[in-house]
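Open the model in your viewer and set it to a cartoon view. The stops below say what to select next and what is there.

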Amino acid sequence: MTAAFDIARWRETPTLGGRHVRLEPLSFDHVDALIDAAKDGELWRLWYTSIPEPSGMRAYVETALARRDAGAAMPFVVRDAAGMIVGSTRFGHMEPENRRLELGWTWYAKRAQRTALNTEAKRLLLGHAFEALDCGAVEFRTSWFNHASRAAIARLGAKQDGLIRNHLRMADGSYRDTVVFSILANEWPMVRTHLGHKLAGAGEGGE
């Protein structure tokens, strides 16, 4: 059952945990561990993403926390079952007046990609969005060229809404075409069941 709408919950970053993953509010204390996670696969070299190189990680966290303080984001650090920090994820573009937000800014160390960790993280985050924040829709966005991310979002059960061309200017000056997906509140029960079955079978996921 959907919870009664509570605007205060949109300003509180919770801790969410399961068997494979633990999501905690992001802080400056996590910078060094996030640098180590990004080094696993040298994730900043993926040209179609915006994962910071080690020298830019503190600024990345600072920006995320500033957006949190402005009420526009809810950033998390991601820990694996052993308690090691393996990446970050976030609610962003938060519009409580429209009961809508984006789930994204997700990246994981190479060793954590396409594992049950991501499936469970998405289930926890979507559950919080629909059941605690009373969202009407949760949006996902990714680069047209990030085929792995597009496939992973579709595997969650999200539907593709469309393409925004020349949407974002990248660090090298080029423009990114952005593919937009969403899950609606009335679709969440089926998606929740789907993700539960994936987890029961040690299903894979990755973004």
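**Start at strand β6**

Select residues 137-143, strand β6. This is a predicted model, and in it β6 is mostly covered, with six of its seven residues buried.

Keep β6 selected and add its partners. Strand β5, residues 100-108, runs parallel to β6 and is joined to it by three bridges. To find the register, pick Leu101, which stands opposite Val138 in β6. Then add residues 175-184, strand β8: here the pairing with β6 is antiparallel, over seven bridges. Show Phe140 and Phe181 as sticks; Phe181 in β8 is the bridge partner of Phe140.

**The whole sheet**

Now select every strand. In what order do the eight strands of the open sheet run? The order is β1-β2-β3-β4-β5-β6-β8-β7, and the pairing is mixed. At the edges are β1 (16-17) and β7 (159-169), each of which pairs on one side only.

**Helices across the sheet**

Add residues 116-132, helix α3. Helix α3 lies across β1, β2 (21-25), β3, β4, β5, β6 and β8, and runs at about 160° to β5. Next add residues 57-69, helix α2. Helix α2 lies across β3 (74-80), β4 (85-95) and β5, running at about 165° to β5.

**α3 against α5**

Select α3 together with helix α5, residues 188-200. Their axes are 10 Å apart and the packing angle is about 155°. Angles over 145 degrees count as roughly antiparallel, so that is the description for α3 and α5. The crossing of these two helices is left-handed. For the contact, show Ala116, Thr119, Glu120, Arg123, Leu126, Gly127, Phe130 and Glu131 on the α3 side, and Trp188, Val191, Arg192, Leu195, Gly196, Lys198 and Leu199 on the α5 side. Coloured by class, the contact of α3 with α5 shows seven nonpolar, three polar and five charged residues.

**α1 against α2**

For the last stop, select helix α1, residues 31-39, with α2. How far apart are the axes of α1 and α2? They are 9 Å apart, and the two helices pack at an angle of about 120°. The helices α1 and α2 are therefore oblique to each other, and their crossing is right-handed. The contact consists of Val31, Leu34, Ile35 and Ala38 from α1 and Met57, Arg58 and Val61 from α2. By class, the contact of α1 with α2 has six nonpolar residues, one charged residue and no polar ones.

Technical notes. Residues numbered from 1 in each chain as written. Predicted model: local features only at pLDDT ≥ 70, side-chain atom pairs only at ≥ 80, totals over all residues. Heavy atoms only, no water. Axes fitted to C-alpha atoms, helices over the stretch in contact; angles between N-to-C directions. Helix = DSSP H or I, 4+ residues; strand = E, 2+ residues; numbered from the N terminus. Parallel < 35°, antiparallel > 145°, perpendicular 65-115°, else oblique. Left-handed = near helix turned anticlockwise from the far one by under 90°. Contact = heavy atoms within 4.5 Å. Nonpolar A, V, L, I, M, F, W, Y, C, P; charged D, E, K, R; others polar. Buried < 20%, exposed > 50% of the residue type's maximum accessible area, 1.4 Å probe, protein only. Pairing = 2+ DSSP bridges.
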